[in-house]
Amino acid sequence: MTLAPTGPRPPARPRARKMLAALSTYALAALVALVFLAPLYLVLITSLKGSTEAGTMSFALPKSWHFDNYLTVITTGDALQALGNSVLIATGVTAGTVLVCSLAAFVIARRPGRVTGGVYSYLLSGLIAPFAFIPAIRMLQEIGLGGSYLGLILTDIAVQIPFITLTYVGFIRQLPREIDEAALLDGAGSLRLFFTIIFPLLRPVSFTALVLVFTYAWNEFQNVLFLIPDADRWTLPMTVFTFQTTHSFDYGLVCANLVLTMLPVVAVYLAAQRYIVSGMVAGAVKA
């Protein structure tokens with residue numbers, strides 16, 4: 001004697017639809033991952049091949065592993081000097097952008113008015129305004145910063161200010177004003193309020209800005225090419241350009257140079273990836 005089921009059995013069709021939707025999502029994710037990972041794998045595996053084998057640009061594993069390609073790039077491609085230049089420029093651009101944009105966003109978000117509203121509209125227009133190289137070069141020459149690290153850093157910061165500031169504004173507007181009022185009642189000044197109370201709360205959006213700006217500054221090519229005529233001050237992406245010209249038929253060395261150029265950006269992204277999504281969507285929905 002068997003007992004009949006006491007509760008209603010879930011219909012099979014909705015369950016099948018959910019399973020089909022899950023399988024479709026996983027298949028799409030696998031396809032996207034393949035599109036992004038396949039070129040990275042090809043570059044990495046080619047960087048460990050000899051000159052003849054690397055010329056085929058195949059996905060097969062190397063018949064003989066040439067780790068010495070990286071040593072050749074470092075010793076003959078001025079990679080160490082370019083690495084120092086890249087670290088200096090990318091760090092300066094990232095730190096300056098985060099500092100300037102967070103401070104500007106705090107004022108815009110907390111002091112609504114005609115002036116801040118006009119600044120906000122001006123920043124919105126800056127998202128679509130093209131960058132003019134000739135006026136920038138002329139202006140840097142007039143103030144004595146032509147061809148210098150500082151001139152390039154200030155230019156890159158100016159390029160990033162509109163988007164990063166607006167990202168900070170959206171996040172700060174979600175913070176309750178009671179935090180500011182409590183700090184001011186305790187005797188905190190404006191700068192102390194920002195750096196000790198507000199700025200630590202901006203960690204998600206700050207990590208997002210850090211990754212975006214560092215990636216931009218590290219991979220920057222046009223500004224370095226036009227604003228830094230001295231090759232001794234060029235960054236790692238510029239060495240890829242010059243190294244490829246010199247070793248145009250040795251794809252093993254060219255790919256090894258590409259891997260060395262990508263490693264710092266990948267490391268920064270992996271260290272801050274869990275903050276990126278939360279920082280990007282901050283302010284998208286009004287509380």
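In these legends a residue is called buried when its relative accessible area is under 20%, exposed when that area is over 50%, and partly exposed in between, as computed with a 1.4 Å probe on protein chains only. The structure is a predicted model, in which local features need pLDDT of at least 70, side-chain atom pairs count only at pLDDT 80 or more, and totals for chains, interfaces and linings use all residues. Residues are numbered from 1 along each chain as its sequence is written, and side-chain values use heavy atoms, with hydrogens and water left out.

**Figure 1. Overview of the protein chain and its 13 helices.** The secondary structure consists of 13 helices and zero strands; helices (H or I, at least four residues) and strands (E, at least two) are DSSP runs, numbered from the N terminus. Of the 287 residues in the chain, 36% are buried. A contact means heavy atoms within 4.5 Å. Among contacts between residues at least 6 apart in sequence, 72% join residues at least 24 apart.

**Figure 2. Close-up of the packing of helix α4 on helix α9.** Two packed helices are described by the angle between their axes and the distance between the axes. Axes are lines fitted to C-alpha atoms, for helices over the stretch in contact, and angles run from 0 to 180 degrees between N-to-C directions. Helix α4 (residues 79-110) and helix α9 (residues 190-201) pack at an angle of about 100°, and their axes are 12 Å apart. The two helices are therefore roughly perpendicular to each other; angles under 35 degrees count as roughly parallel, over 145 as roughly antiparallel, 65 to 115 as roughly perpendicular and the rest as oblique. From α4, the residues Val98, Leu99, Ser102, Leu103 and Phe106 meet Leu193, Phe194, Phe195, Ile198 and Phe199 of α9. By class, the residues of this contact of α4 with α9 are nine nonpolar, one polar and no charged. Here Ala, Val, Leu, Ile, Met, Phe, Trp, Tyr, Cys and Pro count as nonpolar, Asp, Glu, Lys and Arg as charged, and the others, Gly among them, as polar.

**Figure 3. Close-up of the buried and exposed residues of helix α9.** The buried residues of α9 are Leu193, Phe194 and Ile198. They cover an arc of only 90° around the axis, which puts them on the same side of α9; the arc is that of the directions from the helix axis to the C-beta atoms. These buried residues pack against α4 and α8 (178-185). On the other side of α9, Leu191 and Arg192 are exposed. The 12 residues of α9, at 1.5 Å a residue, should span 16 Å, and the end C-alpha atoms are 16 Å apart, which agrees. The expected span of a helix is 1.5 Å times one less than its number of residues.

**Figure 4. Close-up of the contact between helix α9 and helix α10.** Helix α10 comprises residues 203-219, and α9 and α10 pack at an angle of about 70° with their axes 5 Å apart. These helices are therefore roughly perpendicular to each other. Phe199, Pro200 and Leu201 in α9 meet Arg203, Pro204 and Ser206 in α10. The contact of α9 with α10 has four nonpolar, one polar and one charged residues.

**Figure 5. Close-up of Tyr269 and Ala271 in helix α13.** Tyr269 lies in helix α13 (residues 251-280) and is partly exposed, with a relative accessible area of 42%. Its C-alpha atom is separated by 9.4 Å from that of Phe214, 55 residues apart along the chain. Ala271 is also placed in helix α13, and at 60% relative accessibility Ala271 counts as exposed. The C-alpha atoms of Ala271 and Val211, 60 residues apart along the chain, lie 9.2 Å from each other.

**Figure 6. Close-up of Gln81 in helix α4.** Gln81 is partly exposed, with a relative accessible area of 42%. Gln81 and Arg233 are 152 residues apart in sequence, and their C-alpha atoms are 8.1 Å apart in space.
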